[in-house]
Amino acid sequence: MSAEAPTSMETETVASETKLESNTLPPKPKFEPLKAHEMSDGRIQFRKVSVPPHRYSPLKKYWMDIYTPIYEQMNIDIRMNLKARKVELKTRSDTPDVSNLQKCADFVQAFMLGFDVPDAIALLRLDELYVESFEIKDVKTLRGEHLSRAIGRLSGKGGKTKFAIENATKTRIVIADTKIHILGSFANIKIARDSLCSLILGSPAGKVYSKLRQVTARLAERF
């Protein structure tokens, strides 16, 4: 019996030692943050934006204004494919964020829709900006003279109505034939769209102005 006792004691001490070893975990490994191209397994991502025929001349004229912020600030490669008639964008190894590619594509797309470069470039700088498009026929089916008068009501004399809506709602509006494009934040686009829809449906400009004043005053109070 006396010979067996020490063996049991030995096994107990060995078990307690193994428990201590299992409790002390190795230190956590420290990894460097992944770069943008590493997050997509080193794959280069592309975007292509079609160029409509009537935007060829403006694109040629303002090419450097579009190219400089995309290439130098957003670190995205850009080129014009003359054969396919598309502006091509792709990520580089030093692109800081993959989302930059989509921002640049939205910026180029906004320019193609007819927005000026200083207005469209806001899409690169701010996250909560969007472009919304709709047609006059989506609001009301108009033909011939009625359609022409509706477009006239949207613009106003010398573009006065359009500028008034833009300034009141802090948006930018492009009226391209029967298509309407609005650039701005979500809430502001809604206010501008409601005003434009009222004009299409036949409301006089004065009534739309007074409603805009009320809505913008309410917005100013909220902020």
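**Exercise 1. Two residues with positive phi**

Task: In this predicted model, decide whether Lys 170 is buried or exposed, and compare its setting with that of Asn 75.

Solution. Lys 170 has a relative accessible area of 66%, so it is exposed, the cut-off for that class being over 50%. Its place in the chain is the loop between helix 10 and strand 5 (172-176), and its phi is positive, about 55°, although Lys 170 is not a glycine. As background, most residues other than glycine have a negative phi.

Turning to Asn 75, this residue sits in the loop that runs between helix 4 (63-73) and strand 2 (76-81), and its phi, near 55°, is likewise a positive value in a residue other than glycine. The relative accessibility of Asn 75 is 17%, so Asn 75 counts as buried, since the class of buried residues takes values under 20%.

**Exercise 2. The surroundings of Thr 169**

Task: Establish in which helix Thr 169 lies, and determine which residues it touches beyond those up to four places away in sequence.

Solution. Thr 169 belongs to helix 10, and with a relative accessibility of 2% it counts as buried. Within the chain, the side chain of Thr 169 reaches the backbone oxygen of Ile 165 at a distance of 2.6 Å. When residues up to four places away in sequence are set aside, Thr 169 touches Asn 188, Ile 191, Ala 192 and Leu 212; Leu 212 is also one of the helix 12 residues that take part in the contact with helix 10, which leads to the next exercise.

**Exercise 3. Two helix pairs**

Task: Classify the orientation of helix 10 relative to helix 12, then do so for helix 4 and helix 5, and describe what kinds of residues make up each contact.

Solution. Begin with helix 10 (residues 160-169) and helix 12 (residues 205-222), whose axes come within 10 Å and cross at roughly 10°. Because angles under 35 degrees count as roughly parallel, these two helices are roughly parallel to each other. On the side of helix 10 the contact involves Lys 160, Thr 161, Ala 164, Ile 165, Ala 168 and Thr 169, which meet Ala 205, Tyr 209, Leu 212 and Thr 216 of helix 12. Sorted by type, the residues of this contact are six nonpolar, three polar and one charged.

For the second pair, the axes of helix 4 and helix 5 come within 11 Å and cross at roughly 170°, which makes helix 4 roughly antiparallel to helix 5. Here Ile 66, Pro 69 and Ile 70 from helix 4 meet Cys 104, Phe 107, Val 108 and Phe 111 from helix 5, and the residues of the contact divide into seven nonpolar, no polar and no charged.

**Exercise 4. The largest nonpolar core**

Task: Find which residues of the largest nonpolar core touch the most other members, and identify the element that gives the most to it.

Solution. The largest nonpolar core has 27 residues, and those touching the most other members are Ile 66, Ile 70, Leu 89, Phe 107, Val 108 and Met 112. At least two residues of this core come from each of helix 4, strand 2, strand 3 (86-91), helix 5 (99-113), helix 6 (117-120) and helix 7 (122-125), and helix 5 gives the most, with eight residues. In soluble globular proteins, nonpolar side chains tend to be buried together.

For the wider setting, the protein has 12 helices and six strands, and 32% of its 223 residues count as buried.

Conventions: Residues numbered from 1 in each chain as written. Predicted model: local features only at pLDDT ≥ 70, side-chain atom pairs only at ≥ 80, totals over all residues. Heavy atoms only, no water. Axes fitted to C-alpha atoms, helices over the stretch in contact; angles between N-to-C directions. Helix = DSSP H or I, 4+ residues; strand = E, 2+ residues; numbered from the N terminus. Parallel < 35°, antiparallel > 145°, perpendicular 65-115°, else oblique. Contact = heavy atoms within 4.5 Å. Nonpolar A, V, L, I, M, F, W, Y, C, P; charged D, E, K, R; others polar. Buried < 20%, exposed > 50% of the residue type's maximum accessible area, 1.4 Å probe, protein only. Polar contact = N/O pair within 3.5 Å; in protein donor to acceptor, adjacent residues only side chain to side chain. Core = buried A, V, L, I, M, F, W, Y, C linked by side-chain atoms within 4.5 Å.
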